[in-house]
Amino acid sequence: WGSDGKGACELEGLTLALIQAYSLGMQMNAAPATPSVIAWAIRESGFSPSALATLLGRSQSELEGWIKGEPLGLADLEDLAKAVERPLAAFFLPKPPESSGPAVKFRSLSSANGRALNPEERRRIREAARLQEVLSWIAREMQGPVLDVPHFSTRRDASECGESLRLRLGVAVNTQFAWRSPWEALSRWREAVEAMGVTVLMFPMGEEACRGFSIWDDAAPLVAINTAWLPEARLFTLFHELAHLVTRTNSACAEDAAPRSSNAGDRTERWCERVAAAALMPADALQAAMNGMTAGDVDLSTVSRIATQFRVSRRAAALRLIECKKASWPLFRSIPPHSDRQQSGGGGSGLNRIELRRQWYGLRTMMTFREALRRDVIGAAEVAEHLGLSADALRTSGSDAVSRGD
């Protein structure tokens, strides 16, 4: 796959390996999988051996035996491939693949290396990276417009960078105040960021996963947002990850409720947080909204009013007020740590397949594939593989396939 043909060769090799291995496996009633590939797939999955053994309903000693080269049945291998979300054919390769996706560092304010990426995060990062690879290739093939994503150093003033970023996005404060709901704010800001040339994904990753992640690419920079949180919180994550992109770094970020100060924890995380707050709440507009209030007058009700006016979360509003010396850290810590959590509801989303893909992958992704299909840059099979849609469905879907951002 791609202009150098490497992906196509790898796919051909996988297919041949699968045919040969299945033929041999049917004769032996066993799967001649490569032990080093099994070890690689388990390691890259993010599961501990004990957790994966429990998920598979096997003992840890059985799992360790497979890694050492003990035979396993085809059904066992199929279960393992499904659990670690790898193609079955990959296990028949003579050695692990050389590439394992983009290097994404987990970050939090309390520590730059707080933990390893969990299985769900790794799965979504792989999915996003595969999509980014083809979007980047399409962009180069179609010779699209030059990206408008600035490049800032974390040594620059965060507030200045945030307001400069907002100017590039071209959204006036009065327009922001006129949006009717946080959902509309999230949708409109997403459109503005995508117009800059950034792919914005929204994945259901659960509360145990990061708030979002970012992966830089010269032709198709990408951010992904965890939908486990309210739209106001997702919006702040969008701008936080956008701040990572302007530094040209790949990160998976988690917000925590640890005590903070202006110099707390990971310096890059703190800078990105300040950039996001400044972009969403420009200093002049915030000053006007304060209406002459001083830091001593600010309480949680003030924070809630500011958050509602700017369509942001209370935590984001408090951070910006602190940055502008209108509030203090004890006020921030008084906000309940789970106030950003999305309330679970019954039933399904009510969206059809096209709408769901538009929700997950964004309008930019859908329209890029649609134009590439129209210009014969890609074929129907590639559309089905990457979007889970038929080419006909993509061709006939309107640009406003869905307006909801949830």
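Let's walk through one bent helix in this predicted model, then look at some of the charged pairs around the structure.

Start with helix α16, which runs over residues 353–374. If a helix of 22 residues were straight, it would span 32 Å, but α16 covers only 21 Å between its end C-alpha atoms. Where does α16 have its kink? Look at Gly362: the kink is centred there, and it comes to about 110°. Now check the two ends. At the N-terminal end, Asn352 acts as a cap, with a side-chain oxygen 3.1 Å from the backbone nitrogen of Ile354. Just past the other end of α16, Asp376 has a positive phi of about 60°.

Plenty of α16 is tucked away. Its buried residues include Trp360, Tyr361, Gly362, Met366 and Phe369. What do the buried residues of α16 pack against? Their partners are the helices α6, α9, α17 and α18, plus the strand β2.

One buried residue of α16 deserves a stop of its own: Arg357. In general, side chains of opposite charge can pair when their charged atoms come close. Arg357, though, has no salt bridge, and the nearest side chain of opposite charge, Glu127, sits 7.3 Å away. A salt bridge needs the nitrogen and oxygen within 4 Å, so that gap is too wide for one. What does the side chain of Arg357 reach instead? It gets to the backbone oxygen of Leu387, at 2.6 Å. Leaving aside neighbours within four places in sequence, Arg357 also touches residues including Gly362, Met366 and Gly388.

Other charged residues do pair up: the structure has 20 salt bridges. Further along α16, Glu371 and Arg374 form one, with their closest N and O atoms 2.6 Å apart. These two are three residues apart in the helix, about one turn. Glu371 is partly exposed at 26% relative accessibility, while Arg374 is exposed at 58%. Helix α9 holds a pair with that spacing of three residues, Arg188 and Glu191, and their salt bridge is 3.0 Å from N to O.

Finally, find Glu85 and Arg123, whose closest N and O atoms are 3.2 Å apart in a salt bridge. Glu85 is in the loop between α5 and β1 and Arg123 is in helix α6, so this pair ties together parts 38 residues apart in sequence. Both belong to a network of salt bridges that also links Glu120, Arg124 and Glu127.

Technical notes:
Residues numbered from 1 in each chain as written. Predicted model: local features only at pLDDT ≥ 70, side-chain atom pairs only at ≥ 80, totals over all residues. Heavy atoms only, no water. Helix = DSSP H or I, 4+ residues; strand = E, 2+ residues; numbered from the N terminus. Expected span 1.5 Å × (residues − 1). Bend = angle between axes of the 7 residues up to and from the residue. Buried < 20%, exposed > 50% of the residue type's maximum accessible area, 1.4 Å probe, protein only. Contact = heavy atoms within 4.5 Å. Polar contact = N/O pair within 3.5 Å; in protein donor to acceptor, adjacent residues only side chain to side chain. Lys, Arg positive; Asp, Glu negative; His and termini not counted.
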